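Open your viewer and get ready to click along. Each stop below tells you what to select and what you will find there.

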Amino acid sequence: MRNILLIEPKYKNKYPPIGLMKIATYHKILGDNVKFFKGDLKDLVLDQLTESCIGKLNKIEVTKKWAKKKSIIREFIKTKKSIHFDNLDLKDSTYYILLSNSIISFADIYKKKDYTNFPKWDRIYVTTLFTFYWKVTVEAIHFAKHLVKRPDQIFVGGVLASLLHKELEEETGITPNQGLLDRPGMLDPNIPEASNLIIDNLVLDYSILDEIEYEYPTGSAYFTFMTKGCTRKCAFCSVPILEPTYKPKIDTIDKFTEIKEQFGEQQNLLLMDNNVLASPNFSEIIQEIKDMGFVKGATFIEPNQLDISIRNLKKGINNIAYIKRSYRILHDLLNKLRSTTQQNYYNILDKYALIKFDTTTKEGLIGAYEEVKDIYERFRRKIPKQRFVDFNQGTDARYVNDDNMKLMSEIPIRPLRIAFDYWGMREKYENAVRLAAKYDIKELSNYILYNFKDTPDELYKRLEINVLLSETLGLHIYSFPMKYIPLFGEEAKGRDYIGVKWNRKFIRAIQSILNVTKGIVAPGRSFFEKAFGKTLEEFHELLHMPETFIVYRSYFEDMGLTAEWRTSYRSLTEDEQEVAFKIIESNSFTDCYKFTNNKKILDLLSYYIIKREDVNEIKDKDVDYKQTKI
Ligand code: SF4
C-alpha cells in the first residue's frame with residue numbers, strides 16, 4: 001500500500017479538481033492510501049506532526065485523552081509559545097519530562113523544517129489550473145518536493161502543466177504530464193492491476209472533497225463530460241492543446257449510477273463539455289441526460305446525508321472525510337433545532353464526545369447515529385428543489401439550429417450559456433438567442449472574451465446586444481466578460497497582459513466596473529447604462545474616469561467630484577485630449593506634470609491622484625479597491 005498525496009494549490013476556484021478525483025479512485029482501486037489537500041502546505045505538515053505527536057503522547061501516558069488537546073498541541077508545535085505549553089497542564093504528570101521533551105521535539109522539527117528529512121508520501125500529485133496561478137502553483141510543487149520520498153514520484157498535470165510544460169520543468173525540475181490520462185496503464189505501467197485502468201474514464205471520488213476546509217461554490221452536483229475536446233481551434237483557447245481529439249460521445253450513465261449509489265443523489269448536473277453541440281450524437285446525449293432524471297420540471301429532495309455518511313464510515317470509505325462530514329451534518333442540525341429537542345440532541349452528542357471536532361471519533365459517530373437518526377430524519381430538509389443542467393463551458397452559437405435548440409429545451413437547462421467571443425459572431429449569436437427564446441429557454445448567460453483582438457467598443461456593443469435581446473425577447477441574459485490572457489510564455493504567468501487595442505487604464509476601468517458587479521453584467525437596461533454608459537461616448541468617458549470614481553461611484557457623485565471631473569474632461573480641445581488621454585491611458589500619474597504644463601490638462605489630471613487615504617469614508621472599503629487587479 002502506497003501513501004498518495006493529492007494537492008490542489010491554494011488558489012480560489014469554482015469547480016472541484018476532477019482529475020484528482022479520478023486519480024483518487026484509481027489509487028483506491030489499487031489499494032493505496034489516499035489523502036487530498038488544498039491550502040497552505042505548512043498546515044498539512046502541522047496536521048501530520050500534531051497527529052504523530054499525539055500518537056507518541058498516547059504511548060507515554062495512556063490514561064490521558066491527548067486528542068482532546070489537539071488544537072493546543074498544534075498551536076504549540078506551530079509557535080512554541082509557553083502559553084500553549086502551560087495550557088497542556090503537564091506539570092502534575094509522572095511523565096512530565098518525557099511528555100515535554102516529546103512535544104518540544106515536534107515543535108523543533110517544525111521550526112527547523114526537519115520534516116523534510118523523513119518524508120511520508122510515496123507519490124504526490126499536484127493539479128494545476130489557470131496559467132496566471134503560476135506563482136502559487138510553483139510554490140506548491142517546490143514544497144511537495146520536501147514531502148515525497150523520491151522526487152521522481154511527483155506528478156504534475158492539468159491546464160497550466162500542459163500549456164507551460166517547458167517553463168514548469170525548467171522552474172521545478174519535474175516533467176509535467178501533458179493532456180489527459182486517457183490511455184490504459186499510463187501512471188503505473190509495471191503494476192499489472194493498473195494496466196487496464198484508464199484514469200480518465202473512472203468514476204469521480206466525491207469523498208475527497210470533504211477532507212479539506214475549502215468549499216467549492218458549486219453545491220450538490222454531478223460533474224461530468226458527455227464529450228471531450230472540440231472540433232475547432234480558436235487561437236485564444238487552450239482546449240485544442242489540452243484535449244486535441246474530439247470525442248463525440250462518452251458513456252456516462254453507469255458512472256452516474258455508481259456515484260448516486262456511493263455518494264448519494266446530487267441536485268444538479270454540471271457538464272464540463274467544451275463543445276457539446278458539435279457532437280453528431282447530441283440527441284443521444286440529451287436522452288441520456290433525461291435518463292439520469294434531468295427532465296423538464298424535475299425536482300430533487302436531498303437524500304438523508306447522515307445515513308449516507310455513516311454508511312460510508314461503517315464501510316471504511318474515507319474515514320477522514322466522513323468523520324468531518326458526519327460532524328458537520330450533526331452540527332448543522334443542532335443549530336436548527338429548538339428547545340427540548342435541541343437539548344436532548346445536544347445531550348446525545350455530548351455523551352459521544354461529539355461537541356468538539358477534536359474529540360470526535362468514528363466510533364462516537366456510529367454510536368450516536370443510532371440515537372439521533374430518528375430526530376435527524378424528522379427535522380432534516382425535505383423541501384423539493386428544482387434541478388438544473390448546466391453546460392458550464394458554454395455552447396457554440398455556430399452549431400445552434402432549430403433541432404438542437406428544441407432538444408436542449410427538453411431538459412431543465414439553466415442557464416443556457418452561449419459564447420459570444422468576438423463581434424464577428426454577432427449574427428450567429430443573435431440567431432442562437434432567438435431560437436432559445438422560441439423554445440422558451442429564458443435564463444441565458446454568455447462568456448464575452450475581451451482584451452484579445454477586439455476593441456473596447458466591441459465589448460460594449462456585445463454587452464448592449466444582450467440588454468436589447470433581453471428586452472425584446474423577454475429573456476434574462478447575464479454576461480460574463482472574461483479577460484484574455486495569453487496561453488503561452490511569460491505573459492501567461494500573470495494577469496498583466498494588455499491586448500493590442502486595449503491599454504492599462506481601460507483594462508483597469510473594466511475590472512473596476514466588474515469588481516463592483518462581482519464580474520456579472522445583469523440584463524436590466526438601467527443597470528447596464530449605469531455601469532457602462534448609455535452610449536459609446538459615455539462608455540469612453542467611463543473608461544477615462546479616475547478609478548476610485550468608478551469603484552466608489554455614488555460616493556464621488558454625491559460629493560460632486562464626479563461632476564467637477566466631467567466638466568474638466570469635457571472642456572478639453574481635441575489637441576488637449578490627445579495629450580491628456582496619452583497620460584491617462586498609461587495609468588501612471590505620479591510624474592504627469594513632466595509631460596505638460598497645460599493648466600486645463602493638469603487640472604483634469606489632479607482628479608486621478610486623489611488617494612484613498614484622502615477620503616476617510618472609503619478607507620473601510622479598501623479591500624474591494626485592492627482586489628481590483630488587472
Ligand atoms: S469553440 Fe470553444 S472550446 Fe472550441 S476551440 Fe473555440 S473557444 Fe475553445
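Begin by selecting Lys290, which is partly exposed because its relative accessible area is 22%, and the cut-off for buried is under 20%. This lysine sits in helix H11, residues 282–291. Keep in mind as you look that the model is predicted. Now add Glu410 to your selection: Lys290 and Glu410 are 120 residues apart in sequence, yet their C-alpha atoms are 8.4 Å apart in space. Leaving out residues up to four places away in sequence, Lys290 touches Val295, Glu410 and Ile411.

**Stop two: a cis peptide bond**

Move along to Pro415, in the loop between helix H16 (402–408) and strand S10 (416–417). Zoom in on the bond that joins Arg414 to Pro415. This peptide bond is cis, with an omega of about -10 degrees.

**Stop three: strand S11 and the loop after it**

Select Tyr450 next; you will find this tyrosine in strand S11. Is Tyr450 buried or exposed? Tyr450 is buried, since its relative accessible area is 0%. Show its surroundings and you will meet a long list of contacts, not counting residues up to four places away in sequence. Among them are Leu459, Arg462, Pro481, Met482, Tyr484, Trp502 and Leu514. For a distance across the model, draw a line from the C-alpha atom of Tyr450 to that of Thr245: the two residues are 205 residues apart along the chain, and the line is 27 Å.

Now click on Asn451, in the loop between strand S11 (443–450) and helix H18 (456–473). What is the phi of Asn451? Phi is near 75 degrees here, a positive value in a residue other than glycine. Asn451 counts as buried because its relative accessibility is 0%.

**Stop four: another positive phi**

Jump to Lys518, in the loop between helix H19 (504–516) and helix H20 (525–532). Lys518 is not a glycine either, and its phi is positive, near 55 degrees. Is Lys518 buried or exposed? With 67% relative accessibility, Lys518 counts as exposed.

**Stop five: Met482 and its partners**

Go back to one of the contacts of Tyr450 and select Met482. Met482 belongs to strand S12, residues 476–483. Its relative accessibility is 41%, so Met482 counts as partly exposed. Which residues does Met482 contact, leaving aside its neighbours within four places in sequence? They are Tyr447, Ile448, Leu449 and Tyr450. Next, pick Lys493 as well: Met482 and Lys493 are 11 residues apart along the chain, and their C-alpha atoms are separated by 17 Å.

**Stop six: Phe132**

Select Phe132, which lies in the loop between strand S3 (123–128) and helix H6 (134–147). Setting aside residues up to four places away in sequence, Phe132 touches Ile485, Ala492, Lys493, Gly494 and Arg495. Add Leu487 and compare two separations: Phe132 and Leu487 are 355 residues apart in sequence, but 9.6 Å apart in space, C-alpha to C-alpha.

**Stop seven: the nonpolar cores**

Which residues have the most contacts inside the largest nonpolar core? Select Leu6, Ile289 and Phe532 to see them; this core has 134 residues. Then show the surroundings of Leu6, not counting residues up to four places away in sequence: Leu6 touches Leu20, Ile23, Ala24, Val34, Lys35, Phe36, Phe37, Tyr125 and Ile208. A second, separate core has 45 residues, including Leu41, Phe85, Ile141 and Leu147.

**Stop eight: the ligand**

Select the ligand and display what surrounds it: Cys230, Arg232, Cys234, Phe236, Cys237, Pro240, Asn274, Asn275, Asp396 and Arg398. How many residues of this shell are nonpolar, polar and charged? There are five nonpolar, two polar and three charged residues.

**Last stop: the whole chain**

Zoom out and color by secondary structure to see 27 helices and 12 strands in the protein chain. Turn the C-alpha trace around: it spans about 90 × 60 × 60 Å along its principal axes. The protein chain has a radius of gyration of 28 Å, which agrees with the value near 25 Å for a compact globule of 630 residues. Of those 630 residues, 52% count as buried. Switch on the surface, and you are looking at about 30100 Å² of accessible area, of which 51% belongs to carbon and sulfur atoms. Among contacts with a separation of 6 or more, 74% involve residues 24 or more positions apart.

Technical notes. Residues numbered from 1 in each chain as written. Predicted model: local features only at pLDDT ≥ 70, side-chain atom pairs only at ≥ 80, totals over all residues. Heavy atoms only, no water. Near = heavy atom within 4 Å. Nonpolar A, V, L, I, M, F, W, Y, C, P; charged D, E, K, R; others polar. Helix = DSSP H or I, 4+ residues; strand = E, 2+ residues; numbered from the N terminus. Rg over C-alpha atoms; globule rule 2.2 N^0.38 Å. Buried < 20%, exposed > 50% of the residue type's maximum accessible area, 1.4 Å probe, protein only. Contact = heavy atoms within 4.5 Å. Areas by Shrake-Rupley, 256 points an atom, 1.4 Å probe, with all protein chains shown as cover. Core = buried A, V, L, I, M, F, W, Y, C linked by side-chain atoms within 4.5 Å.
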